[in-house]
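Colleague: Could you pick one spot in this model and take me through its surroundings closely? I'd like the cut-offs behind the terms as you go.

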Amino acid sequence: ITLLCLVEYLFSLPPEKRLVPLDEIASRAKLASREEAEVVIMKAMAQGMVKGVIDQVAGVIQVSWVQPRVLTHDQVRGLQTRLDQWSQKLASISPLVH
């Protein structure tokens with residue numbers, strides 16, 4: 001259940017906000033410490049549910065990929081919103097590239 005909680009939380013984050021403090025993960029997953037959060041993250045990484053880099057010194061994980069899951073209607077709408085925002089960002093920088 002803790003792994004699913006972690007994956008669900010990380011999946012809900014926008015891609016530009018995927019530098020996540022271990023303390024925040026511990027809090028959201030109701031774990032006692034950042035060390036416990038680190039262990040859960042390593043399990044998720046070992047099972048191929050999450051890809052990223054843990055920075056123990058800074059106490060953060062930089063998430064680069066989260067395993068997709070079956071999405072609810074609300075999650076699909078959220079994904080659509082994120083894709084629309086990404087498309088708008090691309091459109092705004094497109095003239096700069098040409």
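Modeller: Let's start at Pro21, which sits in strand 1 (residues 19-21); helices here are DSSP runs of H or I with at least four residues, strands are E runs of at least two, and both are numbered from the N terminus. Before going on, the housekeeping: this is a predicted model, where local features need pLDDT of at least 70 and side-chain atom pairs count only at pLDDT 80 or more, while totals for chains, interfaces and linings use all residues. Residues are numbered from 1 along each chain as its sequence is written, and side-chain values use heavy atoms, with hydrogens and water left out.

Pro21 has a relative accessible area of 32%, so it counts as partly exposed; under 20% would be buried and over 50% exposed, using a 1.4 Å probe and protein chains only. Setting aside residues up to four places away in sequence, Pro21 touches Gly59 and Val60, where contact means heavy atoms within 4.5 Å. Ile61 is 40 residues from Pro21 along the chain, yet their C-alpha atoms are separated by 6.4 Å.

Ile61 turns up again if you step along to helix 2 (22-28). That's where Ile25 is found, and at 3% relative accessibility it is buried. Beyond its neighbours within four places in sequence, Ile25 is in contact with Leu6, Tyr9, Leu10, Val20, Ala37, Ile41 and Ile61. Leu6, Tyr9 and Leu10 are among the buried residues of helix 1, while Ala37 and Ile41 are among those of helix 3. For a distance, Ile25 and Glu38 are 13 residues apart in sequence and 8.8 Å apart in space, C-alpha to C-alpha.

Next comes the loop between helix 2 and helix 3, which holds Ala29 and Lys30. Ala29 is buried at 14% relative accessible area, whereas Lys30 is exposed at 74%. Not counting neighbours within four places, Ala29 is in contact with Thr2 and Cys5. Ala29 also lies 6.8 Å from Leu6, C-alpha to C-alpha, with their positions 23 residues apart in sequence. Lys30 has a backbone quirk: its phi is positive, near 60°, and it isn't a glycine. Most residues other than glycine have a negative phi.

Past the loop you reach helix 3 (residues 34-46), whose end C-alpha atoms are 18 Å apart; at 1.5 Å a residue, 13 residues should span 18 Å, which agrees. The expected span is 1.5 Å times one less than the number of residues. Which residues of helix 3 are buried? They are Ala37, Glu38, Val40, Ile41 and Ala44. Looking down the axis of helix 3, these fall within an arc of 165°, so they line one face of the helix; the arc is taken from the directions from the helix axis to the C-beta atoms. Their packing partners are helix 1 (2-12), helix 2, strand 2 (50-55) and strand 3 (60-66). After helix 3 comes Gly48, with a positive phi near 75°.

Strand 2 holds Val50, which is buried at 2% relative accessibility. Leaving out neighbours within four places, Val50 contacts Val7, Leu10, Ala44, Met45, Val63 and Trp65. Leu10 is thus a partner of Val50 as well as of Ile25. Pro15, 35 residues from Val50 in sequence, is 13 Å away, C-alpha to C-alpha.

That brings us to helix 1, where Leu3, Leu6, Val7, Tyr9, Leu10 and Phe11 are buried. Those residues pack against strand 1, helix 2, helix 3, strand 2, strand 3 and helix 4 (73-97).

Zooming out, the protein chain has 4 helices and 3 strands, in the order α-β-α-α-β-β-α. Of its 98 residues, 27% count as buried. Among contacts with a separation of 6 or more, 49% join residues 24 or more positions apart. The C-alpha trace spans about 50 × 35 × 20 Å along its principal axes.
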